[in-house]
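Here are my notes on the model you sent over. Have it open while you read, and take the points in order.

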Amino acid sequence: MARGGLRVNNRSDDWRGTAKGRRLERDFASVCVEVRYFPYTMHTSSTVLRRALSAIEAGEPGVRAAALTS
């Protein structure tokens with residue numbers, strides 16, 4: 001098990017079979033972490049989600065509703 005108790009890393013299936021995906025699988029396997037793939041979602045932006053979560057974690061006022069509806 002990886003440091004911090006991580007057992008599974010989730011990725012969208014557009015990573016499957018790519019050089020990055022194979023490297024990710026190999027690196028995680030070396031610390032007993034499984035990579036699981038879920039269906040790629042065309043209209044969900046991981047960049048927008050990361051920015052919204054960062055803003056929420058930073059406690060930026062009024063950003064919660066605006067960040068999640070962008």
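**Notes on the model**

1. Surface first. About 5700 Å² of the protein chain is exposed, and carbon and sulfur atoms supply 54% of that. As for burial, 19% of the 70 residues count as buried.

2. Keep in mind that this is a predicted model. The mean pLDDT of the protein chain is 82, with 80% of the residues scoring at least 70. Among the elements, helix H1 (residues 19-29) has the highest mean pLDDT, at 96, while helix H3 (residues 63-68) has the lowest, at 53. Where pLDDT is low, the predicted coordinates should not be read in detail. I'd keep that in mind when you look at helix H3, with its mean of 53.

3. On the overall layout, the protein chain has three helices and two strands. Going along the sequence, they come in the pattern β-α-β-α-α. Take the contacts between residues at least 6 apart in sequence: 58% of them join residues at least 24 apart.

4. Now zoom in on Arg-11, which sits in strand S1 (residues 8-12). Is Arg-11 buried, partly exposed or exposed? Its relative accessibility is 27%, so Arg-11 counts as partly exposed; the window for that label runs between 20% and 50%.

5. What does the side chain of Arg-11 do? Arg-11 lies over the face of Trp-15, at 4.7 Å from the ring centre. The side chains of Arg-11 and Asn-9 are also joined by a polar contact of 3.2 Å. As for rings facing rings, a search of the whole structure turns up zero aromatic pairs.

6. Which residues does Arg-11 touch, if you skip those up to four places away in sequence? They are Leu-24, Val-35, Arg-36, Tyr-37 and Phe-38. Leu-24 falls within the residue range of helix H1, 19-29. Pro-39 is 28 residues from Arg-11 in sequence, yet the two are 8.7 Å apart in space, C-alpha to C-alpha.

7. Next door, Ser-12 is also in strand S1. Ser-12 counts as buried because its relative accessibility is 14%, and the cut-off for buried is under 20%. Leaving out neighbours within four places in sequence, Ser-12 is in contact with Tyr-37, Phe-38 and Tyr-40. Tyr-37 and Phe-38 turn up in the contacts of Arg-11 as well.

Methods. Residues are numbered from 1 along each chain as its sequence is written. Side-chain values use heavy atoms; hydrogens and water are left out. Helices (H or I, at least four residues) and strands (E, at least two) are DSSP runs, numbered from the N terminus. Buried means under 20% relative accessible area, exposed over 50%, partly exposed in between (1.4 Å probe, protein chains only). Contact means heavy atoms within 4.5 Å. Accessible areas come from the Shrake-Rupley method with a 1.4 Å probe; for residues, only the protein chains shown count as cover. Rings of Phe, Tyr and Trp (its six-membered ring) pair if their centres lie within 6.5 Å; planes under 30 degrees apart count as stacked, over 60 as edge-to-face and the rest as tilted. A charge sits over a ring if NZ of Lys or CZ of Arg is within 6 Å of the ring centre and within 35 degrees of the ring normal. pLDDT is the predictor's confidence in each residue, from 0 to 100. A polar contact is a pair of N or O atoms within 3.5 Å; within protein, one must be able to donate a hydrogen and the other to accept it, and residues adjacent in sequence count only if both atoms are side-chain atoms.
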